[in-house]
Amino acid sequence: MRDNFLFTSESVSEGHPDKVSDQISDAVVDLFLSKDPEARVACETLTTTQRVVLAGEIRCRGVFENGEWAAGARDEVEEVVRRTVREIGYEQEGFHWQRLSLENHLHGQSAEIAQGVDAGTDGSNKDEGAGDQGIMFGFACDETPDLMPAPLDYSHKVLERLAADRKSGVAPFLEPDAKSQLTLRYENGKPVACTAAVVSTQHKAGYHEGAKEAELKSYVKRVVADVLPDGWLSDDTVWHINPTGAFEIGGPDGDSGLTGRKIIVDTYGGAAPHGGGAFSGKDPTKVDRSAAYIARYLAKNIVAAGLARRCTIQLSYAIGVSEPLSLYVDTHGTGTVGDDRLEQAILGIGKLGGLTPRAIRTHLGLNKPIYRRTAAYGHFGRTAGGDYFPWERLDLVDELKAAFPA
């Protein structure tokens, strides 16, 4: 790993069209899990000018069974979609929570997939199988208090602040769609300065010229300065704030959105590998989601335990098979013990249950309606609290330390 370099990551706001789609898909997941903790959901969302289209496979007791919707269930889905769009803040001519048209093409889960994934219900000992084949990665590093890569962590926080100020009235000139991108300079492997900041934010009419433009740009610079550590900005920092000029038409009216198109924003900003599977719209039997969460949980606890400064973990699964095919740990030369010993220690932690899909869901408590909150500003580096973001807990630290006494 190089010691001195520039690295860049981007984030997008909750009003970005792809993130609108992600949030709708996860709001649907939450609705079904609130009705049936064992619901199966794979919901994809398309958003465009005054239109939302849902598609995918579902199974949910009391909502969608035997290929039929329960009375009133489709209306509940529509209410959830409209509420999600309203909470994001879209009341625009080209995308309005009340006036958009909704097409719901969700249908029953394939029986062939179900027979491979479901646990035995006929007296057999068959464990729940993975919902698909694939590879999943988790990552943690000591660059920020959140144990996340700094360029992405701070890019998220800039946009979270913009959204909070928009909703509170502090910045009434802002609209929901926005993107941020920070380039940081690393010295001796540590981030020390921001060399470039790019922020594009949708705005009210007229805030692309004259005094109003100056007000918007001054506000954005203050937010970035508040978010970044002291001393990271300087006269040498290059700024690009709404570099294309006017940004009044945005969100799904300005560009169509799809679930799962912001997987690098959702994870580590390019600082770590990605298995390729999106998270949003999927219930936790899908290892694209749950195995990526447990991998982050393990990597974060390893770094927090002082066993490494950087840690990447890979897991792999086969559809219908409960046991993972592989576990790989890489501490990038920063570990205090061998990576193979960390692998052995993880597999020896009994409460992790061998990292089967059911064990992951049980240990992290994933069969709950907790996913809408994950669908903007990153799935990782968030604050664990109550049922939310349980993969960010640090409750394995003592056990990991005990496995490697000084």
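A salt bridge, as I use the term today, is a side-chain nitrogen of Lys or Arg within 4 Å of a carboxyl oxygen of Asp or Glu. Please keep in mind throughout that what we are looking at is a predicted model.

With that in hand, let me start with one pair, Arg372 and Glu87, whose side chains meet in a salt bridge at 2.9 Å, N to O. Arg372 sits in the loop between helix 10 and helix 11, while Glu87 belongs to helix 2, so this pair ties together parts of the chain that are 285 residues apart in sequence. The structure holds 33 salt bridges, and I have picked out this one because it links parts so separated in sequence.

Staying with helix 2, which covers residues 73-88, what does its packing against helix 1 look like? The axes of helix 1, residues 17-35, and helix 2 come within 9 Å and cross at roughly 135°, which makes the two helices oblique to each other. Their crossing is right-handed. On the helix 1 side the contact includes Val20, Ile24, Ala27, Leu31 and Phe32, and on the helix 2 side Val77, Val80, Val81 and Ile88 are among the residues taking part. Taken as a whole, the residues of this contact divide into eleven nonpolar, two polar and two charged.

A second helix pair, further along the chain, is formed by helix 8, residues 287-304, and helix 10, residues 357-364, which pack at an angle of about 60° with their axes 10 Å apart. These two are therefore oblique as well, although here the crossing is left-handed. Helix 8 brings Val287, Ser290, Ala291, Tyr293, Ile294 and Tyr297 to the contact, where they meet Pro357, Ile360, His363 and Leu364 of helix 10. Eight of these residues are nonpolar and two are polar, with no charged ones.

Let me turn finally to a sheet, an open one in which four strands follow the order 1-10-11-12 with mixed pairing. Strand 1, residues 5-12, and strand 12, residues 238-241, stand at the edges with a single partner strand each, so one side of each is left without a neighbour in the sheet. Neighbouring strands are turned by 15° against each other on average, if direction is ignored. Strand 1 runs antiparallel to strand 10, residues 174-187, and eight bridges join the two; Val12, for instance, has Lys179 in strand 10 as its bridge partner. Helix 5, residues 210-227, packs on this sheet, touching strand 10, strand 11 and strand 12, and its direction makes about 125° with that of strand 12.

Methods:
Residues are numbered from 1 along each chain as its sequence is written. This is a predicted model: local features need pLDDT of at least 70, side-chain atom pairs count only at pLDDT 80 or more; totals for chains, interfaces and linings use all residues. Side-chain values use heavy atoms; hydrogens and water are left out. Axes are lines fitted to C-alpha atoms, for helices over the stretch in contact, and angles run from 0 to 180 degrees between N-to-C directions. Angles under 35 degrees count as roughly parallel, over 145 as roughly antiparallel, 65 to 115 as roughly perpendicular and the rest as oblique. A crossing is left-handed if the near helix is turned anticlockwise from the far one by less than a right angle, and right-handed if clockwise. Contact means heavy atoms within 4.5 Å. Ala, Val, Leu, Ile, Met, Phe, Trp, Tyr, Cys and Pro count as nonpolar, Asp, Glu, Lys and Arg as charged, and the others, Gly among them, as polar. Two strands pair if DSSP finds at least two bridges between them.
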